[in-house]
Amino acid sequence: MNQPAGVALIGAGFISYMHVLAARADPSLRAVALASRSTQMAEHRARIFGIDACSFDSLAEMLARDDVDIAVVASPVALHHEHTLAAIRAGLHVVVEKPMVMTLAEAAQIEAAARAAKVLIGYAENQAFTPLVAKARERIVAGAVGRVQRVIAVFEHGGPPRRSWFFDPRLAGGGAHLDLGAHALEVALCLIGKPRVTRVAVCKMARDGERGVDLTAVCELETASGIQMQISSSWAARKGACRYEVHGDAGTLTARFEPAPQSLTVKTANGEEDVDFPGGFDLRVDTYLTSLGYIGQTRHFAECFRNRTTPAESARDGENVLRVLAAGYMAARTSRSVEVADVPPDRTPIQLLDG
Amino acid sequence: MNEQLRVGIVGCGEATQALHILTLNSLARRFRVEACSDLSPEVMGEVASRCGARAVADPLELIGDARVDVVLIATPDSFHADFALAACAAKKRAVLVEKPAAPNARMCREIAVAAEESGVPVLVGYPHVYEPAVQRAIEIWGPHAALAYGEFRCSLGPNPRYTADALQTIRSPVRDPWPAMIAQLDYIAAATEASGTGIGMSHVLAYGLLAGLTIHDIPVLRRVAGEPTSIDYARIRANGPPMSPLGLSIDVVFNYPRGRVWLQCEFHDVKSIDWGFHLRREGLHLTVRYPTTYAAAAPSECIARYEKDGMTVDERHAGRYETGFRREWCHVYDVVAGGAAPMTPIADAVKDLEWVESIHRAAVSHDRGEHT
């Protein structure tokens with residue numbers, strides 16, 4: 001490593017702080033520039049980060065800079081496709097925030113473009129890179145719960161800022177099920193070895209008004225191997241909660257992110273065990289970011305990009321998450337079960353909910 | 001004194017309502033509030049109607065308005081630079097930016113460069129520098145006196161302890177946790193830029209306390225006692241609940257060529273205030289006491305104790321009605337209308353923020369066991 005790889009951020013929202021701080025914690029990386037829809041916002045945030053600013057109008061210029069090696073796409077979801085392709089065209093490796101894109105066709109285009117350009121895509125499911133999930137997975141692989149039968153994933157909080165793009169169906173593509181369900185689903189899948197989800201049995205949603213995004217969703221899924229999964233997401237909770245329960249024929253494992261402190265417990269016929277894991281909740285900036293997965297994620301992607309190996313969370317995972325969540329929107333509309341393979345390639349989740 | 005300057009206010013929070021507007025109203029022959037802007041439409045509308053100003057939702061529109069002569073920037077700290085730069089670009093006649101001028105020296109320097117290039121006087125709102133008692137202390141102490149020992153203490157409680165007494169201030173009725181969360185992230189960004197990501201949340205909160213509170217004392221220290229040569233010692237202690245600035249203590253010892261100054265900041269959930277400083281040298285002991293915070297008309301006092309004719313003399317200097325805020329705005333007027341040199345120019349405030357960063361780095365390095 002001669003000099004740090006340069007990171008350019010596309011998007012100046014809340015999550016841009018996590019990416020900048022994680023890059024700051026990694027000597028192999030250096031955040032150099034940031035773009036936002038509004039020049040004013042780009043300049044404001046870039047000034048705080050001590051990096052250069054540009055607007056989306058001059059995005060190509062930023063991506064073409066000699067000192068930019070990696071692009072982080074953290075713009076509103078509707079723009080991920082365009083921004084990711086722009087970064088690929090500029091020959092950059094790309095980290096894409098979740099959910100990856102709005103439609104399966106967009107996901108396929110991104111995968112094809114990255115392959116052709118010989119660049120790599122990291123899908124930013126931060127929780128997959130936490131010490132908590134790593135330890136939980138380790139215990140499940142070691143047989144702590146026996147044969148996995150059911151997974152319950154819950155992610156809820158009070159929602160993003162009311163005036164933000166998250167509540168605009170055209171920019172967000174969906175609500176809590178797409179935003180928080182993306183975490184809940186992918187982490188649940190990681191915990192049990194990423195089996196193929198075949199079917200959404202049922203999905204119930206509550207919307208923000210008649211045509212607004214979904215504020216809450218509960219979705220029952222089935223995998224090819226017969227594991228049942230429940231994904232519960234909410235932007236309407238008074239208190240934050242985020243936990244993963246993995247039920248097997250020999251016990252239950254619960255990995256809890258929220259409420260803090262994080263914890264990992266395994267319950268079997270022999271009793272309950274609190275499992276230690278490194279870097280739990282801590283009042284240090286870097287260990288806190290590690291406990292949320294941002295530092296591990298950033299380090300992993302940087303290593304993969306350097307060594308040209310496919311990241312553990314890749315565009316393929318992003319596409320799969322979108323497909324399963326989109327099937328949930330279809331099931332919510334029809335009140336019937338939906339085969340995941342039947343999701344049309346060109347419709348956004350909210351369009352599937354509207355029918 | 002004929003001209004009445006038109007003030008545009010960006011940020012209508014409690015400091016604007018309880019301090020600046022009262023002060024500007026008391027100086028109505030010199031100033032009138034022309035326009036004001038705030039993120040909260042409710043607060044902006046109420047403040048505008050109270051002082052007969054126009055409400056302008058877009059702060060950049062307010063800054064660009066030719067009917068605004070002087071801009072007061074009293075937004076959350078991380079926006080100061082954005083609006084100060086816009087005011088320089090708009091060639092305003094003067095800008096008063098609340099302390100801290102920016103969350104760090106780098107951002108402050110950017111404003112200073114713009115002020116220099118545009119020729120727009122940008123002053124930092126350090127009311128203590130303008131306090132009559134401090135100005136008297138500077139005179140009594142003299143320019144070249146060698147300091148033996150100084151003690152700066154700020155023991156204060158959280159703002160709501162005092163703003164509850166500031167009558168009829170209005171707060172946004174919308175409960176939105178996001179601006180406060182982003183403001184905290186801004187201070188995480190500033191603190192980690194200064195001292196790296198391997199710091200605790202108490203270090204982040206202490207950075208906020210240094211930039212938000214100790215920043216009052218540093219420019220006074222530099223003006224009265226001169227520039228310290230270095231930091232001998234800095235410690236941060238967090239004795240309160242986790243993730244809360246309550247219970248934070250900061251101790252700094254500054255080295256001087258022939259003496260030292262101990263600067264102490266204590267932030268506890270009490271209303272009583274102990275804020276001021278002592279300076280000693282042979283034959284003179286100066287004491288300055290500040291009044292309670294958020295009190296627009298309370299006086300500060302300066303006591304000079306010395307020996308004369310075999311007697312110990314205590315000389316007390318206190319203005320009954322004059323305050324730092326009134327003096328500050330009078331000075332802004334003198335800068336604009338009389339061509340006076342700014343007493344708290346933005347270029348000099350860079351140094352204050354450099355001290356904030358140096359104190360932080362020294363305290364963090366102490367906690368890491370890196371004694372130098």
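What radius of gyration does chain B have, and what value would a compact globule with 372 residues have? In this predicted model, chain B has a radius of gyration of 20 Å, and a compact globule with 372 residues would have one near 21 Å, so the two values agree. The C-alpha trace of chain B spans about 60 × 55 × 40 Å along its principal axes.

Within those dimensions, chain B is built from 12 helices and 14 strands. Of the 372 residues in this chain, 55% are buried. The contacts of chain B also link distant parts of its sequence: where the separation is 6 or more, 71% of the contacts are made by residues 24 or more positions apart. On the outside, chain B has an accessible surface of about 15,400 Å², and carbon and sulfur atoms account for 52% of that surface. Chain B carries 37 positive and 45 negative charges, and the mean positions of these two sets lie 4 Å apart.

Chain A can be described in corresponding terms. It contains 12 helices and 15 strands. The radius of gyration of chain A is 20 Å, close to the 20 Å expected from the globule rule for 355 residues, and therefore chain A is as compact as a globular protein of that length. Its C-alpha atoms fill a box of roughly 60 × 45 × 40 Å along the principal axes.

In chain A, 59% of the 355 residues count as buried. Among contacts between residues at least 6 apart in the sequence of chain A, 67% connect residues at least 24 apart. The surface that chain A exposes amounts to about 14,300 Å², with 48% supplied by carbon and sulfur atoms. There are 38 positive and 40 negative charges in chain A, and their mean positions are 2 Å apart.

One residue of chain A may be followed in detail. His80(A) belongs to helix H4, which covers residues 80-89 of chain A. Is His80(A) buried or exposed? Its relative accessibility is 1%, and because residues under 20% are classed as buried, His80(A) counts as buried. The side chain of His80(A) reaches the backbone oxygen of Ser75(A) at a distance of 2.7 Å. Ser75(A) is also listed among the residues in contact with His80(A) once neighbours within four places in sequence are left aside. That set further includes Val73(A) and Ala74(A), together with Val96(A), Glu97(A), Lys98(A), Pro99(A), Met100(A) and Val101(A).

How values were computed. Residues numbered from 1 in each chain as written. Chains lettered and ligands numbered in written order. Predicted model: local features only at pLDDT ≥ 70, side-chain atom pairs only at ≥ 80, totals over all residues. Heavy atoms only, no water. Helix = DSSP H or I, 4+ residues; strand = E, 2+ residues; numbered from the N terminus. Rg over C-alpha atoms; globule rule 2.2 N^0.38 Å. Buried < 20%, exposed > 50% of the residue type's maximum accessible area, 1.4 Å probe, protein only. Contact = heavy atoms within 4.5 Å. Areas by Shrake-Rupley, 256 points an atom, 1.4 Å probe, with all protein chains shown as cover. Lys, Arg positive; Asp, Glu negative; His and termini not counted. Charge placed at Lys NZ, Arg CZ, Asp CG, Glu CD. Polar contact = N/O pair within 3.5 Å; in protein donor to acceptor, adjacent residues only side chain to side chain.
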